[in-house]
Amino acid sequence: MFNIKAIIQRVLNANCTIEGIETARINNGFLILLGVNEDDTEEDAIVLARKTANLRIFEDENGKMNKSILDMSYSALVISQFTLLADCKKGNRPSFIKAARPEKAIPLYELYVSELMANGINNVQHGEFGADMKIGLINDGPVTIIYDTNDWK
């Protein structure tokens with residue numbers, strides 16, 4: 001069973017460009033690729049946002065990953081990405097039938113973004129749902145974490 005999936009990358013900077021125009025840019029923080037499943041709920045988005053805000057993958061004074069994005073006062077860039085819900089079990093062409101339709105996905109995507117802010121991340125940028133976006137980033141580490149809300153049920 002799929003649920004909301006988030007790929008969280010620790011970045012030195014990240015940006016989103018749509019039709020040649022930069023629409024979002026952050027410096028240190030998280031680039032978050034978010035995929036919403038047809039069965040996801042508001043509670044999934046709320047829990048995921050809380051766990052994202054408190055994820056400790058920034059180094060402390062001893063070089064240990066012990067600080068959160070909140071501790072560091074860093075930023076987040078959230079990009080919708082239905083392809084995270086790809087089902088590749090059969091054949092060579094992925095199926096996206098489990099990805100939520102826009103009428104369901106957009107409100108949950110927007111709720112996740114607003115909940116990141118409600119959980120204390122002051123600068124939350126985002127892409128444009130359904131747009132052809134070009135995403136640039138410089139990974140820091142690299143550190144990449146995969147969250148799936150199904151893991152907490």
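## A tour starting at Phe58

Select Phe58 to begin: with a relative accessible area of 4%, this residue is buried, a word that stands for under 20% relative accessible area, while exposed stands for over 50% and partly exposed for what lies in between, with a 1.4 Å probe and protein chains only. The model in the viewer is predicted, so that local features need a pLDDT of at least 70 and side-chain atom pairs a pLDDT of 80 or more, whereas totals for chains, interfaces and linings use all residues. Residues are numbered from 1 along each chain as its sequence is written, and side-chain values use heavy atoms, with hydrogens and water left out.

**Stop 1: the aromatic rings**

Ring pairs are formed by Phe, Tyr and Trp (its six-membered ring) when their centres lie within 6.5 Å, and planes under 30 degrees apart count as stacked, over 60 as edge-to-face and the rest as tilted. The count by this rule is 4 aromatic pairs. Add Tyr74 to the selection: its ring centre is 5.1 Å from that of Phe58 and the two planes stand at 80°, so this pair is edge-to-face. Because Phe58 belongs to strand 4 (residues 56-59) and Tyr74 to the loop between helix 2 (69-72) and strand 6, the pair ties together parts that are 16 residues apart in sequence; these helices (H or I, at least four residues) and strands (E, at least two) are DSSP runs numbered from the N terminus. Tyr74 is partly exposed, at a relative accessible area of 22%. Now show Phe30 as well, since ring pairs link Phe30, Phe58 and Tyr74 into a cluster.

From Tyr74, step to Ser73, which sits in the loop between helix 2 and strand 6. Ser73 has a positive phi of about 55° although it is not a glycine, and at 62% relative accessibility it is exposed.

**Stop 2: Arg10 and its surroundings**

Select Arg10 in strand 1 (residues 5-18); at 6% relative accessibility, this arginine counts as buried. Its side chain reaches the backbone oxygen of Ile57 at 2.7 Å. Contact is taken as heavy atoms within 4.5 Å, and, leaving aside neighbours within four places in sequence, the residues in contact with Arg10 include Phe30, Phe58, Glu59, Met65 and Gly141. From Gly141, look along the chain to Pro142, a residue of strand 8: the peptide bond from Gly141 to Pro142 is cis, with omega near -5°.

**Stop 3: elsewhere on strand 1 and just beyond**

Ala6 is found in strand 1 and, at 0% relative accessibility, counts as buried. Leaving aside neighbours within four places in sequence, Ala6 is in contact with residues including Ile32, Leu33, Leu34, Leu48 and Ile145. Then go to Glu19, in the loop between strand 1 and strand 2 (21-26), where phi is near 50°, a positive value in a residue other than glycine. Glu19 is exposed, with a relative accessible area of 78%.

**Stop 4: helices 1 and 3**

Which residues of helix 1 are buried? They are Asp44, Ala45, Val47, Leu48, Ala49, Thr52 and Ala53, and what covers them includes strand 1, strand 3, strand 5 (65-68), helix 2, helix 3 and strand 8. The expected span of a helix is 1.5 Å times one less than its number of residues; for the 13 residues of helix 1 this gives 18 Å, and the end C-alpha atoms are 19 Å apart, which agrees.

Helix 3 (residues 102-118) has 17 residues and reaches 23 Å from its first C-alpha to its last, close to the expected 24 Å. Among its buried residues are Ala105, Leu108, Tyr109, Tyr112 and Glu115, and the buried residues of this helix pack against strand 3 (29-35), helix 1 (42-54), strand 6 (75-80) and strand 7 (124-126). Just after helix 3, select Gly120, which takes a positive phi of about 110°.

**Stop 5: the largest pocket**

End at the largest pocket, with a volume of about 340 Å³. Of the 19 residues that line the largest pocket, those closest to its centre are Ser80, Gln81, Phe82, Phe129 and Gly130. Strand 3, strand 6, helix 3 and strand 8 (133-148) each give two or more residues to the lining. A pocket here is an open set of points, on a 1 Å grid over the protein atoms alone, where a 1.4 Å probe fits, with protein on both sides within 12 Å along at least five of seven lines, and lining residues have an atom within 4 Å of a point; the volume is the space filled by probe spheres set on the points, which are joined across faces, edges and corners.

Key. Polar contact = N/O pair within 3.5 Å; in protein donor to acceptor, adjacent residues only side chain to side chain.
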